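Visitor: I would like a close look at a single part of this model. Please take me through the ligand site, step by step.

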Amino acid sequence: MKLYKTNAGVIIESNSKFYLANESWDSLVNDDTLFQKKEQLIQASTIVSSEAIKDVEAPIGDKQELWACGVTYLRSKVGRQEESKASGGADFYAKVYEAERPECFFKSTPHRVVGNNGFVRIRKDSTWDVPEPELTLVVTSSGKIIGYTIGNDMSSRSIEGENPLYLPQAKTYDACAALGPCIYVTDQSLPPSTNISLQISRRKQLIFEGTIAIDQMKRTVDELVSFVYRECSFPYGCLIMTGTGIVPGSDFTLQSGDEINITIDNIGTLVNKVK
Ligand code: DO4
Ligand code: MG
């Protein structure tokens, strides 16, 4: 089952049919038994056409927070070490990759997050920028993962590379994150072979492409949830980006007008343009 947030309400997709749910987004995404309630929810819904998901919003409730984890894949560790060599920050990335405690950071309030087909931004004071395609967990207030979505953790590598203490500025600004297009609701873990793919096009030409399977992640998703939830409560649930395993080479930077496509098996494709 997939859930889409739209301004007409929540759309449920099941077996290629679409239904307008009779419940609010906030109650559905904070329900530990959401997957088990599928038939009951469909029974209480109204059938609609696929047009209902033409314009979707980011799948995050107004009172939810977006967190992120980092340096969870070898490629991210190596990329950060390269970018922070001159500042002397490289060791921090090597250490966090091996440490018991993962890197977890607050990424965004909902108003800085854009949905599918929305515009992400690069900071005006940044010279080196990348998208970070990340499997994103949808977690209830009790800490249960009820589904998955696709995330783009937009990042300024020039600001982050200058000094690791600038991380919040490299990561958090208006339109710094994209989520969507839907939440894939399941009671199963995703298969380890699940692929995350990133494609970046400029003036309709493909200029970067990469793929990584989620079994390359050094941490488990449960481990990441348990650290984020250790000393923080989330009364409405929370979304957690799980880190990037795809980092374009040092000669690549995003430009205004670029199109970013992120695909994750079973979930779909998140499409955004850079403003
Ligand atoms: O340590 C910097 C951020 C890491 C990150 O966002 C990632 O690995 O995805
Ligand atoms: Mg990231």
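Visitor: How far is an oxygen atom of ligand 1 from an N or O atom in the side chain of Ser76?

Guide: The distance is 2.6 Å, from an oxygen atom of ligand 1 to an N or O atom in the Ser76 side chain. Keep in mind that this is a predicted model.

Two acidic side chains also make polar contacts with the ligand. For Glu103, a side-chain N or O atom is 2.8 Å from an oxygen atom of ligand 1. For Asp153, the corresponding distance to a ligand oxygen is 3.0 Å. The protein covers 99% of the accessible area of ligand 1, which on its own has 280 Å². Ligand 1 sits in the largest cavity. Four elements each give two or more residues to its shell: strands β5 (65-70) and β6 (103-108), and helices α3 (74-83) and α6 (167-171).

Now the shell itself. Ligand 1 is surrounded by 16 residues. The closest are Val71, Ser76, Glu103, Lys171 and Thr244. By class, seven residues of the shell are charged, five are nonpolar and four are polar.

Val71 deserves a second look for its backbone. Its phi is near 55°, a positive value in a residue other than glycine. Val71 belongs to the loop between β5 and α3. Both of those elements are among the contributors to the shell.

Next, the metal. Asp153, already met as a polar contact of ligand 1, is also a donor to the magnesium ion (ligand 2). The other donors are Glu132 and Glu134. Both glutamates bind through OE, whereas Asp153 uses OD. The coordination distances run from 2.0 to 2.1 Å. Along the sequence, the donors follow the spacing E-x1-E-x18-D. The site links distant parts of the chain: Glu132 and Asp153 are 21 residues apart. Glu132 is in the loop between β9 (129-130) and β10 (133-139), while Asp153 is in strand β11 (residues 145-153).

One backbone feature remains for your checks. The peptide bond between Gly180 and Pro181 is cis, with omega about 0°. Pro181 lies in strand β13, residues 177-185.

To recap, Asp153 ties the two ligands together in this account. It has a side-chain atom 3.0 Å from an oxygen of ligand 1, and Asp153 coordinates the magnesium ion through OD.

Definitions and conventions. Residues numbered from 1 in each chain as written. Chains lettered and ligands numbered in written order. Predicted model: local features only at pLDDT ≥ 70, side-chain atom pairs only at ≥ 80, totals over all residues. Heavy atoms only, no water. Near = heavy atom within 4 Å. Polar contact = N/O pair within 3.5 Å; in protein donor to acceptor, adjacent residues only side chain to side chain. Areas by Shrake-Rupley, 256 points an atom, 1.4 Å probe, with all protein chains shown as cover. 1 Å grid on protein atoms, 1.4 Å probe; cavity = no way out; pocket = protein on both sides within 12 Å on 5 of 7 lines; lining within 4 Å. Sits in = over half its atoms within 2 Å of the grid points. Nonpolar A, V, L, I, M, F, W, Y, C, P; charged D, E, K, R; others polar. Donors = N, O, S within 2.8 Å, 3.2 Å for Na, K, Ca; no water.
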